[in-house]
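Please examine the sequence and the three-dimensional model shown here. The account that follows leads from the confidence of the model to individual residues and their pairings.

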Amino acid sequence: MQKHLLIVLSLIFTFSLQAKDYTVFSPSGNIEVRVSVTEKISYSVLLNGTEIITPSSISMTLNVGTVLGKDSKVRKVKTASFSDVILPVVQRKYATIIDEYNLLHLLFKGYSLQFRAYDEGAAYRWMTDSKGAYNVVNEQATFNFPADYNIWFPEEESMLSHQEREYLRLKLSDIDESRFCSTGVLIGCGNNIKVYISESDLTDYPGMFLKGSKDNPFGLTGKFAGVVLETHQKGDRTVAPTKYADYIAKCERSRNFPWRAMLITTNDADLVQSEFIYKLAPALKLENTDWIKPGKVAWDWWNANNIYGVDFKSGVNTETYKYYIDFASKYNLEYIILDEGWYHLEDIMKVRDEIDVEELVSYGEEKNVGIILWVI
């Protein structure tokens, strides 16, 4: 399971509630988050004293007549500093991950709002304190910028998406409310500064898309799909919604909502090397992780099942995958994968007649090669 080698928690302070403006700095002080609580709640983010995200309003509307962030009064303010070392069960870009940030926690009646300031960015999320069921009707998540910056925009035509889009290089002013993209999205803020907007801890909640803002020509705002009530199977990888609810999430009790994350850097390499989104994710809940065996895999898609110089017909069939197992065994690859398309569309779990999965598993065991199956 995920382990923490070191946990250092600062004292938690409760402030007087007179102030309506609150600030939290990252451990080195390079990132600053400012939060304003009036009739609405807005935040801004600064890098080395320069405003990167200008005041941006946030709220969440519930079906019980409550709007989190509207006419709210802060009851308590808590701050804390955290310094952890995370050991992922499966090594990622690093075997150990340093997780250091400062926390600002604003508590209201029935809900709260958390902000984290890291040296590599900032994030916020809503948290509810409810004993009964409720629905989230909508969430207002905005990201406003001070100028007409470049944006790498993975434009979508529908929220039914595999999120494998071309990143268009546009200006923020090119994006109106009718245009939207999947998350994450990258904005170039000049002076080598980049802001990557994404999310984390996404459980029982729709993924956030981003569209142009009607209130700010240099802003982006969240777009969320309603809860799916009815679907239609269109293919082995496509289940199309045919009916949506008038709410975006159904909640049974108190919960934490996804983090809205902004990775901020002046070095493009950090965009690849960062583990920012992983740090925001919840801790692993599996107690037994002994069965997890990382390894290299021979992937059928890379060669499109197109092998030659063999005495059988190549394709999605048992003989072809035995060939892959032989290849993996010869070159010390731990696994092969049967990706999408190895079962019939009319019966999503019915294996194609020409594939004998049990035979492949047995053959793989003989060759010390594991079998990974893609399923929807």
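The paragraphs below take up confidence, a polar site, salt bridges and a surface patch in turn.

The model is predicted, and its pLDDT averages 91 over the protein, with 91% of the residues scoring at least 70. Residues 3–18 have pLDDT under 50, although the model gives this segment 40 contacts beyond four places in sequence. Where pLDDT is low, predicted coordinates should not be read in detail.

A convenient place to begin is N102, which belongs to strand β9 (residues 97–108). With a relative accessibility of 16%, N102 falls under the 20% limit and therefore counts as buried. Its side chain makes a polar contact with the side chain of S81 at 2.7 Å, and the side chain of N102 also reaches the backbone oxygen of F25 at 2.7 Å. Beyond four places in sequence, the residues in contact with N102 include V24, S26, P27 and A80, as well as F115, R116 and A117.

Charged pairs form the next topic. Side chains of opposite charge can pair when their charged atoms come close. The count of salt bridges comes to 13. In one of them, the side chains of R125 and D201 meet with an N to O distance of 3.2 Å. This pair links distant parts of the chain, 76 residues apart: R125 is in strand β11 (residues 121–128), whereas D201 is in the loop between β17 (194–200) and β18 (209–212). R125 and D201 are both buried.

Two further salt bridges concern helices α4 and α5. The side chains of K322 and E359 meet at 2.5 Å, N to O. Because K322 lies in helix α4 (residues 318–330) and E359 in helix α5 (residues 357–367), the pair ties together parts that are 37 residues apart in sequence. K322 counts as buried at 16% relative accessibility, while E359, at 31%, counts as partly exposed. The salt bridge between K367 and D326 has its closest N and O atoms 3.7 Å apart. Here K367 is in helix α5 and D326 in helix α4, 41 residues apart. K367 counts as partly exposed at 32% relative accessibility, as does D326 at 31%. Elsewhere, a network of salt bridges links E139, E199 and R260.

At the surface, V89, V90, L284, L286 and W291 make a nonpolar patch of about 420 Å². W291 is located in the loop between α2 (276–280) and β24 (297–299), and at 58% relative accessibility W291 counts as exposed.

Notes:
Residues numbered from 1 in each chain as written. Predicted model: local features only at pLDDT ≥ 70, side-chain atom pairs only at ≥ 80, totals over all residues. Heavy atoms only, no water. Helix = DSSP H or I, 4+ residues; strand = E, 2+ residues; numbered from the N terminus. Buried < 20%, exposed > 50% of the residue type's maximum accessible area, 1.4 Å probe, protein only. Polar contact = N/O pair within 3.5 Å; in protein donor to acceptor, adjacent residues only side chain to side chain. Contact = heavy atoms within 4.5 Å. pLDDT = per-residue confidence, 0-100. Patch = residues over 30% accessible without salt bridge, like charges linked within 9 Å, V, L, I, M, F, W, Y side chains within 5 Å. Areas by Shrake-Rupley, 256 points an atom, 1.4 Å probe, with all protein chains shown as cover. Salt bridge = Lys/Arg side-chain N within 4 Å of Asp/Glu carboxyl O.
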